[in-house]
Structures are given as structure tokens and as C-alpha cells.
There are 2 protein chains.
Amino acid sequence: MEYKFSDRVQTLKPSAIREIFKYAADPEVVSLSAGNPSPEAFPVEEIKEISERILRERPIEVLQYSISEGYPALRETLKKYMKENYNVGTDDDDILITTGAQQIMDLATKTLVNEGEVIITEAPSFIGSLNTFRSYNAKLVGVEVESDGMSMEALEKALQENPNTKFIYTIPNFQNPSGITMSLEKRKKMYSLAKQYGVLILEDNPYGDLRYTGEEMPCIKSLDTDGIVIYAGSMSKVISPGIRVAYTIAPKGIFQKMVVCKQGNDVHTNVWSQIICNELMTKYDFNAHLQKLRDIYSVKAKYMMDLMDKYLVPLGITYSPITGGLFTMCTLPSYVDMPQFCKDAVLNKVCVVPGNAFLTDENQECHTFRVNFSTPTDEQLEKGIKLLAETAKKHIK
Amino acid sequence: MEYKFSDRVQTLKPSAIREIFKYAADPEVVSLSAGNPSPEAFPVEEIKEISERILRERPIEVLQYSISEGYPALRETLKKYMKENYNVGTDDDDILITTGAQQIMDLATKTLVNEGEVIITEAPSFIGSLNTFRSYNAKLVGVEVESDGMSMEALEKALQENPNTKFIYTIPNFQNPSGITMSLEKRKKMYSLAKQYGVLILEDNPYGDLRYTGEEMPCIKSLDTDGIVIYAGSMSKVISPGIRVAYTIAPKGIFQKMVVCKQGNDVHTNVWSQIICNELMTKYDFNAHLQKLRDIYSVKAKYMMDLMDKYLVPLGITYSPITGGLFTMCTLPSYVDMPQFCKDAVLNKVCVVPGNAFLTDENQECHTFRVNFSTPTDEQLEKGIKLLAETAKKHIK
């Protein structure tokens with residue numbers, strides 16, 4: 001039978017990263033293309049303890065149906081945590097626990113965006129979110145990212161040219177894929193532009209707790225006196241991605257619609273996972289855990305930058321300094337054919353992600369590629385960067 | 001700020017059942033309105049053992065990112081299980097693990113149905129699925145359910161009148177809410193009508209393993225030589241709903257689109273849950289576990305029917321005999337104001353679900369209400385049915 005799919009999924013493709021992962025699965029290939037937390041970053045002992053305890057003390061609560069808004073104690077814990085630590089959340093906001101932050105992208109788009117309406121995103125931006133937006137036939141408008149975040153001139157122009165914009169999607173901290181953090185000035189400017197043009201902001205902050213150098217920057221949501229920011233937080237990078245727990249703090253009107261859509265999406269998030277997160281945050285020293293992660297990753301980030309300084313920079317390949325998160329973006333000299341370089345790299349047994357995968361228009365000219373330093377071991381990092389340099393030498397004049 | 005929501009969610013409401021649950025949360029109210037498995041039905045000891053073991057032996061696998069299709073070993077186990085036990089699945093099908101069966105409804109609708117296109121459902125049908133269909137602005141056409149399943153004359157008429165039908169949604173076994181099972185003859189007829197009119201069938205089978213009396217009936221999917229049936233199976237009623245694990249066996253072309261949408265929905269299903277299910281099915285006697293569930297529920301079903309025979313039937317309230325699943329539907333004499341009866345019942349401290357909640361048009365005249373027998377204790381069942389009889393006496397001439 002010839003299946004007739006809905007218009008919204010006619011042109012949907014599996015993500016380019018996913019295709020690259022097939023090569024990366026070859027154990028001989030050094031993968032700098034992933035975005036997984038480091039195995040040593042998981043709080044394994046704590047999760048074992050908690051899991052054993054909750055399955056012994058309250059198994060029925062863990063295994064029975066729960067409510068769509070999320071496990072009540074975790075909602076309270078996160079509400080308090082985000083208010084006290086980041087001044088995120090007001091009396092006009094509410095909190096919804098989701099099955100990973102990907103679901104927040106889905107619920108926000110479903111709730112707010114008709115087919116053909118516009119979502120403005122950073123260019124480049126996180127491919128998973130872009131694909132979710134595409135799956136609702138939203139029109140994506142990419143705005144160039146500078147070294148201190150989205151270009152505000154280009155953002156204002158995009159807002160002027162697209163009066164049917166529903167929201168601006170931004171990852172302000174250690175952005176995936178660029179690693180770039182938005183300046184405070186630009187955060188304030190983005191907020192005021194959103195307010196002026198009557199659009200919402202979807203602030204995606206999975207890496208906020210993973211800052212290795214420099215001063216902490218306020219969340220855009222902490223400036224939200226007008227109820228125009230939807231905040232997305234995630235446990236994937238700070239506890240575990242396999243447990244699929246994230247949360248959104250959003251104005252109550254939007255929260256309510258998202259809850260109804262969440263009900264139709266997967267009823268509620270896995271209960272075991274939610275209790276694990278709540279216990280970790282309340283019965284253990286969660287700040288010490290976050291500090292441990294920062295210690296692990298800042299050493300790896302420094303090591304990665306040393307390798308790139310030694311092997312790539314002399315060849316004319318630049319990168320944006322790693323101040324947090326799990327990624328950075330390298331830029332090839334403009335005469336190098338980047339897609340060909342990435343293909344040659346894979347044949348040479350090192351895998352990176354071509355930068356155009358993260359653009360709203362994948363056919364745009366692009367000279368960047370993304371590298372990750374959290375997943376590989378130090379040995380793999382060294383081998384991978386050396387292989388990249390070896391590949392680059394064939395392309396560099 | 002006045003939020004402007006997408007057209008698809010403008011009229012979405014929280015489910016009526018959800019509202020009723022607020023009353024049911026009052027500990028003084030006997031709730032016959034739930035659909036939760038009985039606490040004694042959970043394989044608590046097995047899950048404790050498995051969880052302890054997998055977190056000890058392979059914690060990183062449990063906590064790390066996984067793939068959208070599902071945990072590979074569980075996919076293999078279920079593929080084999082469904083083929084051997086139910087002849088479900090061909091070489092042209094593939095299997096996707098989802099975050100509960102609700103997500104299958106979401107993915108099937110998203111993948112196949114444009115706004116305004118038609119989904120034909122049983123009337124009454126499962127409210128959770130109806131609401132998911134509504135959340136994509138699908139047009140719902142309800143087809144009357146007879147004592148042996150959907151009326152085939154009405155189904156054919158609906159197919160003739162709605163050439164833009166994308167699929168027929170059916171719960172053939174112990175349907176929620178009616179408890180009715182579709183005859184083999186009607187299963188074959190539905191399949192041939194779907195083929196004739198070029199539409200798909202979405203077969204939702206959460207209760208199939210919970211048959212208490214009578215002969216097992218083949219799945220519609222087992223007749224699927226043309227690649228037109230999407231099968232939805234679930235662990236919620238046979239292992240645990242809190243773990244959110246279900247699976248769909250679908251023609252490969254549809255499977256592939258659903259995988260891409262699943263990626264944009266929540267990336268992948270919780271890994272811990274998937275491994276729990278796989279271990280339960282492969283390292284324990286899963287058939288013995290299912291038999292234990294049938295033993296528990298068939299006793300409860302018999303007890304419930306005895307109570308209804310004793311207290312409700314003499315008042316002219318009929319019910320459809322329970323042969324499996326977790327529900328039955330009671331029918332009031334046609335002169336009784338059913339919504340008023342349900343309201344009075346709640347005030348009288350017993351909670352049931354008004355039948356119109358399950359209709360595609362909630363404003364249709366309706367004389368039924370749904371009762372559940374799996375969640376309450378025997379004492380609660382007796383108390384609840386007595387309270388219903390007491391309420392009914394005020395309404396019965």
C-alpha cells in the first residue's frame with residue numbers, strides 16, 4: 001500500500017546527526033559527534049540507593065498512574081530551587097514536568113504555532129528542536145549568532161519582516177552547537193524586543209549549571225515581568241538523559257494548555273525517574289554533585305582546547321573558547337569544502353557534525369563543524385583531534 | 001498578556017474524567033471512576049530484583065541516551081512474543097517502543113492526519129485517544145457499538161460519507177469504556193472494509209491479555225496481509241502504568257515516519273523501564289504472571305457482577321457482562337437524567353464516569369455510565385454499588 005502521510009511530516013527526515021551516528025557506531029571511529037554526558041558524571045551510587053529505597057518503601061506509588069503535571073514533590077522542589085538559585089518563576093507561572101526537554105519543544109509548538117507561522121531561532125541552533133518545530137510545519141527564520149549571542153539587529157529585522165512570529169527560540173548558555181553564551185545586554189534587548197513585537201521567548205537552558213569559567217549570567221526568564229517567557233530546564237546533562245526528565249516554567253495560561261497536550265502526548269512522565277530526581281535534589285548535596293560535574297568537564301574542556309591549540313589552530317582552524325556546556329564549534333578557512341572535509345574525516349576514522357546540520361536552511365554555505373568533548377576519553381580526544389588535523393592537512397593550502 | 005494559541009488547541013479541554021478525579025480524590029468518596037490496575041497486580045518483587053541488578057551490572061546503559069526505536073533487546077523480545085502468541089507482525093512490519101500507548105495515538109495522528117481529516121472511532125471510545133485525535137484538529141466520526149462490537153453497517157456508511165477518512169480507531173478486546181469485545185466476523189469485516197475503502201486501522205489492545213472467560217479472539221493485525229493495520233500494545237495493564245512503556249507494530253513505511261516524530265517528541269523512552277520489561281519477559285515466567293493477573297481480576301469481576309445483579313439490576317439498571325479488561329458500562333432506564341444521576345452519585349460519595357464523556361459528540365443524549373472494578377477493594381466495591389443503588393432509587397420511577 002502507498003501510504004499518504006500528513007502534510008506536516010511529508011518532508012521530515014531523520015536528523016543528520018542520527019545518520020552520522022551510524023558511522024560513529026563503528027568502534028574504530030573516534031566520535032566527536034555525540035552530546036552524551038560523560039559516564040563518570042552519572043550519580044550511579046545515589047541512584048542505586050534511592051531506587052532500592054523507593055521500591056522497598058512505596059512501590060505502588062512508583063508503579064501506579066500519576067498526574068500529567070508531574071510528581072507533586074518534584075514540582076515543589078524545582079519551583080523552590082529555580083526561584084532561590086535563578087530567580088526564575090513568579091506567582092503567575094506554573095511548572096510542568098516533561099519526558100525530557102524535547103517534549104517541551106513539542107508542547108510549546110503544538111500549543112502556540114499554526115502551520116506556516118514563524119519561529120525565530122539562532123542560526124546555528126539545536127537540530128532536535130529545529131526538527132520538532134519542522135514537524136508542525138512551522139516556518140523557521142534563523143538569526144546569525146555572534147560571539148556574544150544572537151545579532152540583535154538581525155533579530156529586530158526578522159521580527160519586522162515576520163509579523164506572524166509566535167516565539168523566539170534561544171539557548172542562551174553554552175549554546176548547542178556553537179558553545180556561545182549570550183551577553184546580559186543582549187538578554188535584556190531580546191526581552192524588550194519580544195515585548196515590543198508581542199512575541200514569546202522559549203528559553204532552553206540544559207547547560208546552565210555547567211559553567212567552567214566566568215560569571216554566571218541571569219536567565220532571560222528572571223527578567224520576565226510580563227509573562228512572555230517559557231523556560232525549559234533539563235535533568236539530562238546534570239543527572240541522566242536515559243531517565244528522560246525535564247521541566248518547563250511557563251505563564252499559567254500557557255502551562256494549562258501544555259498540560260492538556262501533555263495528557264494527550266504520554267499522560268505523565270515516568271514516576272520512578274521523577275522520584276529519583278526529587279530525592280537527589282532533597283536528600284543529597286545536589287550543589288556538590290553539580291560542582292563535581294563542573295570539575296570533571298572543566299578539566300576535559302581545558303584538555304580539548306589545549307589539543308585544538310596544538311593541532312588545529314596552526315592549520316588555520318579556529319574555535320570558540322569553551323566556557324561551559326559540552327560543545328564547541330570549529331571554523332575552517334573559507335576556501336575549504338566543509339562537507340567534503342567532514343566526509344574525509346569519517347573515512348579517516350574521526351567523526352564530527354557538519355555545521356549546516358544546525359542551520360534552518362541546510363543548503364546555506366557553511367564552514368563550521370561541531371565537536372563534543374564530554375563523551376570521549378582523554379585518549380580518544382587526543383586521537384580524534386590528531387586525526388582531524390591529519391584530515392585538514394589535505395584540505396589546507 | 002493575552003496568549004494566542006494554535007487553532008488545534010483553542011477548544012481543547014482537560015478530559016472530563018480528569019475533572020471527576022478531583023472528586024474521586026476525596027477519601028470519603030468511593031471511586032468507581034478510575035482505570036488503574038489493582039495494587040496487588042504489580043510484580044513488585046520482580047521489579048525490585050531487576051532494578052537492583054541492572055543498576056549494579058550496567059548502570060551507564062540504564063542512565064545514558066538511547067535510540068528512538070527503543071531498547072533493542074526489548075524490541076526483539078516483543079517481536080517474537082507477538083508473533084508466537086498472536087501471529088502479529090510480518091517481515092513488512094517493524095516495532096517501535098513508546099512512552100505509553102497514548103504516544104502511539106499521538107504519533108499515528110501526527111504522521112497520518114491533516115487538520116479536518118477524519119478518524120472513525122467506536123462510540124463510545126477511550127477518551128484519552130479521542131482527546132489526542134482532537135488535539136490535531138482531526139474530525140471524529142463515531143460509530144455505534146453493539147454487543148459484538150462496532151456496527152458494520154454504520155461503519156460502511158461512515159466510510160462512504162467520509163472519503164477523507166485516514167484510519168479507523170478500534171479497541172477490539174474488552175473495550176474501554178463499554179467492556180465489549182468485537183466478534184471474529186466483525187474483525188474480518190472491518191479489515192475488508194478498510195481495505196476496500198483504502199483506509200488504515202489503528203488497533204488498540206491494552207486489555208487483550210486480560211480475558212477471564214470465553215475463547216481468545218485473533219487480533220485484527222493478525223489478518224493484515226496488506227499492511228494496513230497499526231497495532232498498539234501496552235505494558236500499563238500487565239506490568240505497570242507508571243513506567244510508561246508501550247509498543248506499536250506497524251508497516252515499515254509508517255514505522256519510519258513514527259520514529260522521526262518520536263525523536264521530536266521525547267527522543268526515546270525511559271531506558272530503565274524498557275529493561276525492566278525485557279527482563280520480566282525473558283528471565284521470569286511472564287505467562288504465569290499474566291495468569292496471576294487474570295486470577296485476581298476474574299474474581300473481582302465476578303464479585304462486581306454479583307453486586308450489580310443484587311443491587312442494580314432489580315432497579316432496571318443493566319450492564320454488559322464482564323469477560324475481560326477493567327471496565328463495564330451500565331445503562332440507566334431511558335427516562336433517567338444520566339448527568340444528574342452522576343452528579344447526585346458524587347454528592348452521595350460514589351463516583352462513576354458519565355457515558356457521554358466517551359462520545360465523539362459529548363452533547364448527544366446518553367444513558368450510560370462507566371464503572372471500574374480493578375482499583376477499589378472488595379469492601380469499596382460493595383459500598384460503592386450500594387451507594388449507586390441508593391442514588392438510583394431517587395431517580396427510578
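1. In this predicted model, A:Val267 counts as buried, because its relative accessibility is 18% and the cut-off for buried is under 20%. The backbone of A:Val267 also deserves attention, since this residue is not a glycine and yet has a positive phi of about 65 degrees. A:Val267 lies in a loop of chain A, with helix H9 (252-266) on one side and helix H10 (271-283) on the other.

2. A second residue to check is A:Asn87, which is likewise not a glycine and has a positive phi, here of about 50 degrees. A:Asn87 sits in the loop of chain A that runs between helix H4 (72-86) and strand S2 (93-98). With a relative accessibility of 42%, A:Asn87 counts as partly exposed, a class that covers values between the 20% and 50% limits.

3. As background for these points, most residues other than glycine have a negative phi, and most peptide bonds are trans.

4. Turning to the peptide bonds, the one that joins A:Ala123 and A:Pro124 is cis, with omega at about 10 degrees. A:Pro124 belongs to the loop of chain A between strand S3 (118-123) and helix H6 (127-134).

5. Another cis peptide bond is found between A:Asn176 and A:Pro177, where omega is about 15 degrees. A:Pro177 is placed in the loop that lies between strand S6 (165-170) and helix H8 (184-197) of chain A.

Technical notes. Residues numbered from 1 in each chain as written. Chains lettered and ligands numbered in written order. Predicted model: local features only at pLDDT ≥ 70, side-chain atom pairs only at ≥ 80, totals over all residues. Heavy atoms only, no water. Helix = DSSP H or I, 4+ residues; strand = E, 2+ residues; numbered from the N terminus. Buried < 20%, exposed > 50% of the residue type's maximum accessible area, 1.4 Å probe, protein only.
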